[in-house]
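Thank you all for coming; today I would like to walk through one structure slowly, going from ring contacts to charges and then to the backbone. Please keep the picture in view while I talk.

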Amino acid sequence: MSSTSVLGGVVRRREDPALIQGGGRYTDDVKLAGTAHVAFVRSPFAHADVLSVDTSAAEAMDGVLAVYTAADVEHLGSLVAQVPVGALRPLLNNGTVKHVGEAVAMVVAEDPYVARDAADAVDVDYDALAAVVDLKHSLSDEMLVHEDMESNTLISWTGPFGADADALAAVKAGIDEQKSRDDVVVVSQEMINQRLIPVPIEPRSVMADYQVGYGRFDVYSSTQIPSALAGAIGKYFGMALNQVTVKAMEVGGGFGCKLNVYNDEVLVAFASKQLGCPVKWTETRREAANSTIQGRGWIATATMTGTTDGEILGFELDGIADMGAYSQNFTVAIPFLGVFVGSGQYSFPTHWKMDCVTTHTMTTDAYRGAGRPEAAYYLERVLDMYARKIGVDPAEVRRKNYISASEFPGAVSPMGFPMDTGDYETNLDAALESAGWSGLLAERDAARAEGRHVGVGIATYVEVCGFGPSGLVDLGFSWAEYQMPSAFNGSSLVRVHPDGSATVSIGTGPSGQGHQTTWAQIVGDGLGMDVDRIRVIHGDTEEAPPSIGTFGSRSAAVDGSACYEATQKVQAKAARIAAHLLEASEDDIEFADGGAHVAGTDSSVGWDEIAKAAYQPHVLPEGMEGGLEAHAIFSPGNATWPFGTHIAMVEVDADTGDVRLLRYIGMDDCGNVISPMIVDGQIHGGIAQGVGQAMFEDAVYDMDGNLLSASLVDYILPTAVDLPSFELGRTVTPTDINPLGVKGIGEAGTIGAAQTVVNAVVDALESLGVTHIDMPLRPQRVWQAIQDAQA
Amino acid sequence: MKVSMSVNGRQVSGEAEPRTLLVHFLRENLGLTGTHVGCESSYCGACTISLDGQAVLSCTMLAAQADGADITTVEGLARNGELHPVQEGFWERHGLQCGFCTPGMIMSAVTLLEENDNPSEEEIRRGIEGNLCRCTGYHNIVRAIEYAGAKMRGEEPAPAEWENA
């Protein structure tokens with residue numbers, strides 16, 4: 001395997017030697033002398049008045065250092081939300097609790113076992129109230145989730161973006177007008193895109209170390225957003241940013257659920273400051289289910305209107321999205337991300353409306369894909385139903401309605417967004433060829449002739465990611481209270497040390513994406529330096545310039561571009577130094593093989609010599625400042641718009657409802673690829689989470705607001721036996737909005753997968769009259785759908 | 001109470017409460033933080049260790065129950081600076097992303113290959129069914145274990161998929 005750094009080549013991951021030998025340092029692995037441990041007292045009720053909190057028995061226990069209730073922390077205020085719509089989460093709630101798992105009190109003890117014992121000894125008296133859980137019930141406003149609010153509906157997102165009520169009505173009227181045509185069919189289906197629990201295998205963990213006398217904080221957290229957490233700690237404790245260091249060391253998966261500032265992070269810091277010792281808390285798996293954000297949770301009716309020969313005349317979506325009890329980071333903004341891709345990669349008129357309602361359940365927020373998998377699911381499911389109704393190959397119906405490649409650059413989606421680059425038909429063709437589409441259909445038909453229920457499903461998607469322009473703050477996306485004036489820049493610092501090694505510091509907060517490798521590849525490629533000579537520092541607000549972190553498939557496109565631009569600046573200065581040392585023209589200097597070369601000659605100088613000179617101003621060109629480092633901030637002009645085509649083949653046992661995934665083909669286009677190995681790995685994991693939603697995962701609340709699937713016994717994740725090996729390919733349509741031409745790949749697999757599987761299962765059951773089954777397609781539900789269709 | 005055991009070839013002993021979980025004893029008393037706690041309910045497999053030659057879940061076993069046992073954790077796999085073939089396979093075939101499930105996954109894979117060094121893909125998938133990974137979709141974990149199996153049989157592993165691309 002190649003060990004050299006070639007952009008687009010393969011480098012073994014530099015993070016792996018530690019992780020495969022048990023040396024990986026995750027937050028819960030941090031040990032500081034005198035660390036105290038936290039356990040929370042949490043509400044067992046979804047909606048209840050807290051009548052009293054008696055902490056005396058807990059406080060009397062050996063080893064208990066403190067028990068805090070709401071009165072102790074009220075002065076700090078509540079959490080804040082980027083889009084400040086809806087109720088904000090109190091740090092501790094001793095008034096009226098709003099979901100099961102809401103924090104009521106915090107115990108700090110010398111030992112984690114004692115902390116849990118003491119939490120059990122805190123006596124809370126509740127008066128349980130009726131809960132609002134069902135989305136339609138919430139929308140009706142028959143009962144309010146927050147008594148001080150006028151409505152449970154927090155906001156309604158509509159598309160096309162920017163259209164006023166009259167313009168929206170005109171789009172709707174235009175689609176409605178077509179419905180009465182003789183050659184037009186209308187297909188409509190209400191579908192549930194169920195709530196999901198993100199379930200990174202590492203539970204969240206935070207440890208705060210307030211340094212008495214120094215008056216500063218070191219906070220270790222399993223977070224995707226170290227800079228925002230530092231800003232939040234600064235806000236709550238009235239400290240300047242230079243007095244707070246957040247370190248996100250190894251983070252064991254995030255998928256969006258570590259993209260939040262949580263009340264527990266603030267509370268652990270509070271306890272550390274109060275007690276003058278390091279304080280740690282690591283959530284249990286049950287807390288991860290009840291008190292860490294969840295995702296999805298939509299019910300909507302999708303309607304497709306089109307001609308009998310496959311020309312689509314309009315798509316409509318009308319539904320309700322579950323925000324949970326409190327708005328946290330992006331909560332109400334998640335369905336807005338659906339607006340961006342509401343019309344997919346298609347050119348037909350689209351009318352889109354989602355009402356965001358509050359319920360007595362845990363907050364929803366960004367889970368891998370965040371609004372885009374939901375939007376793509378509805379569009380691609382109803383498009384498939386329409387294709388089936390008119391009897392046209394579903395791949396060809398898609399092709400017929402794409403925005404054409406010739407419309408780029410300059411294409412604007414029917415939802416009103418300018419898109420960077422796209423070539424959807426080439427991607428579709430590549431997928432069909434890779435899967436052997438006609439052969440696959442023939443294989444399916446042959447299996448059916450034997451009486452087997454085999455199905456083939458296809459779905460295509462466009463996603464929007466790589467946020468994004470710093471001007472998003474003008475749309476209301478601002479985390480100013482957490483001292484992030486513009487949350488969406490990328491930022492990177494590249495420094496060459498006097499020995500010719502280099503360090504890149506960057507504001508990302510990865511959780512498995514291989515940044516230690518990718519950033520070193522970018523710097524190594526620009527400087528002609530071996531990746532082994534380049535250290536990457538991320539997830540550390542003391543060492544790295546501020547950036548918002550790692551989410552929304554943004555790191556390569558935004559921070560990676562900043563890394564590239566900082567490298568270019570260093571390269572430019574190094575070229576001047578090398579030209580001076582080699583007595584050559586700066587224009588002839590090229591970087592490769594560990595140093596600078598004069599093109600067309602054998603004259604060269606190594607990085608050790610260039611670096612040594614850089615730190616000796618007297619040998620530098622006249623007037624040149626010493627040192628060799630550069631900082632770059634990158635603010636892209638647009639988001640990026642990756643796309644792809646996924647195809648699945650399934651077999652259903654009609655007697656039991658059991659679904660088996662036989663083949664899965666992904667053809668994704670994320671622009672240029674820095675590491676094919678890492679990009680494919682992201683797609684594998686993304687597909688697995690999409691398949692997980694399609695077939696297994698379901699966060700189920702009962703009508704009293706109890707989360708019935710709060711353990712991994714009841715919340716079913718795909719295992720190795722549930723998935724096949726994936727067959728991946730790619731097309732490459734570089735973006736023109738960043739210097740690397742990369743678009744982002746973290747979420748694509750998840751955005752493409754769920755509807756692909758459901759389309760395949762419905763195809764398998766076509767002969768039995770099944771037209772739709774709501775996810776997850778577990779055996780009982782599939783079996784019931786067959787029975788209902790046969791009845 | 002005092003518990004003694006052999007961990008990674010070293011005889012160790014320490015004080016533990018009767019209720020102390022083995023995983024906490026390993027992590028807190030012995031400082032072996034490579035073994036992870038993922039679910040505390042024996043469903044995720046992140047805490048898998050080798051105990052008397054069997055892959056067991058250290059989050060649902062008491063330290064007291066391991067008294068006298070012979071334990072290997074992920075820290076004990078590499079010998080004399082040389083990675084175990086399974087560790088090498090995970091590195092060479094991108095069998096990990098965030099790395100949190102990896103120690104448990106590797107310990108299960110080691111046990112699997114000790115029992116059968118030439119497993120089919122289906123046998124590999126069944127062998128690691130008790131270990132959840134949320135990052136990789138298991139695709140490259142299967143490739144990593146295939147790589148390790150080949151190495152343990154003294155064969156040349158199949159090229160990586162990206163080498164064929």
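**Rings, charges and backbone**

When the whole structure is searched, 26 aromatic pairs are found over all chains. Before I go further, please keep in mind that what you see is a predicted model.

Let me take one of those pairs, A:Phe161 and A:Phe417, which is stacked, with 5.1 Å from centre to centre and an angle of 20° between the planes. Where do A:Phe161 and A:Phe417 lie in chain A? A:Phe161 is in the loop between β7 (153-159) and α6 (165-178), whereas A:Phe417 is in the loop between α12 (394-401) and α13 (424-435), so this pair ties together parts that are 256 residues apart in sequence. The two partners can also be described by how much of each is covered: A:Phe161 has a relative accessible area of 34% and is partly exposed, while A:Phe417, at 7% relative accessibility, counts as buried. Both rings belong to a cluster linked by ring pairs, which is made up of A:Trp157, A:Phe161, A:Phe336, A:Phe340, A:Phe417, A:Phe467 and A:Trp641.

Now to the charges, beginning with the salt bridges. How many salt bridges does a search of the whole structure find over all chains? The search gives 57, and I will go through three of them with you.

The first one I have picked joins the side chains of A:Lys235 and A:Glu481, with 3.1 Å from N to O. This pair links distant parts of the chain, since A:Lys235 sits in helix α7 (residues 226-237) of chain A and A:Glu481 in the loop between β16 (453-462) and β17 (490-496), 246 residues apart. Are these two residues buried, exposed or partly exposed? A:Lys235 has a relative accessibility of 30% and counts as partly exposed, and A:Glu481, at 48%, counts as partly exposed too; the reasoning here is that partly exposed covers the range between under 20%, which is called buried, and over 50%, which is called exposed.

The next salt bridge is between the side chains of A:Asp384 and A:Arg398, again with 3.1 Å from N to O. A:Asp384 belongs to helix α11 (residues 372-390) of chain A and A:Arg398 to helix α12, so the pair ties together parts that are 14 residues apart in sequence. On the scale I have just described, A:Asp384 is buried, with a relative accessible area of 4%, and A:Arg398 is buried as well, at 0% relative accessibility.

The last of my three examples stays inside one helix: the side chains of A:Arg399 and A:Glu396 meet in a salt bridge of 2.8 Å, N to O. These two residues are three apart in helix α12 of chain A, which means that about one helical turn separates them. A:Glu396, for its part, is partly exposed, with a relative accessible area of 31%. If we look at salt bridges that share partners, one network joins A:Glu380, A:Asp384, A:Arg388, A:Arg398, A:Arg444, A:Asp445, A:Arg448, A:Asp763 and A:Glu766.

There is also a patch of negative charge on the surface, where A:Asp54, A:Glu59, A:Asp72, A:Glu74, A:Asp123, A:Asp125 and A:Asp127 gather. Which strand of chain A gives the most to this negative patch? That is strand β6 (residues 123-128), with three residues. A:Asp127 lies in that strand and, at 38% relative accessibility, counts as partly exposed.

I would like to finish with the backbone. A cis peptide bond joins A:Phe408 and A:Pro409, with omega at about -10°, and A:Pro409 is placed in the loop between α12 and α13 of chain A. Another cis peptide bond joins A:Met775 and A:Pro776, with omega at about -5°, and here A:Pro776 is found in the loop between α19 (748-764) and α20 (779-790) of chain A.

Two further residues have a positive phi although neither of them is a glycine. For A:Ala370 phi is near 50°; this residue is in the loop between β15 (350-357) and α11 of chain A, and it is buried, with a relative accessible area of 4%. For B:Asn80 phi is about 50°; this residue is in the loop between β5 (70-72) and α2 (85-92) of chain B, and at 82% relative accessibility it counts as exposed.

Definitions and conventions:
Residues numbered from 1 in each chain as written. Chains lettered and ligands numbered in written order. Predicted model: local features only at pLDDT ≥ 70, side-chain atom pairs only at ≥ 80, totals over all residues. Heavy atoms only, no water. Patch = residues over 30% accessible without salt bridge, like charges linked within 9 Å, V, L, I, M, F, W, Y side chains within 5 Å. Areas by Shrake-Rupley, 256 points an atom, 1.4 Å probe, with all protein chains shown as cover. Salt bridge = Lys/Arg side-chain N within 4 Å of Asp/Glu carboxyl O. Lys, Arg positive; Asp, Glu negative; His and termini not counted. Charge placed at Lys NZ, Arg CZ, Asp CG, Glu CD. Helix = DSSP H or I, 4+ residues; strand = E, 2+ residues; numbered from the N terminus. Buried < 20%, exposed > 50% of the residue type's maximum accessible area, 1.4 Å probe, protein only. Phe/Tyr/Trp six-rings, centres within 6.5 Å; stacked < 30°, edge-to-face > 60°.
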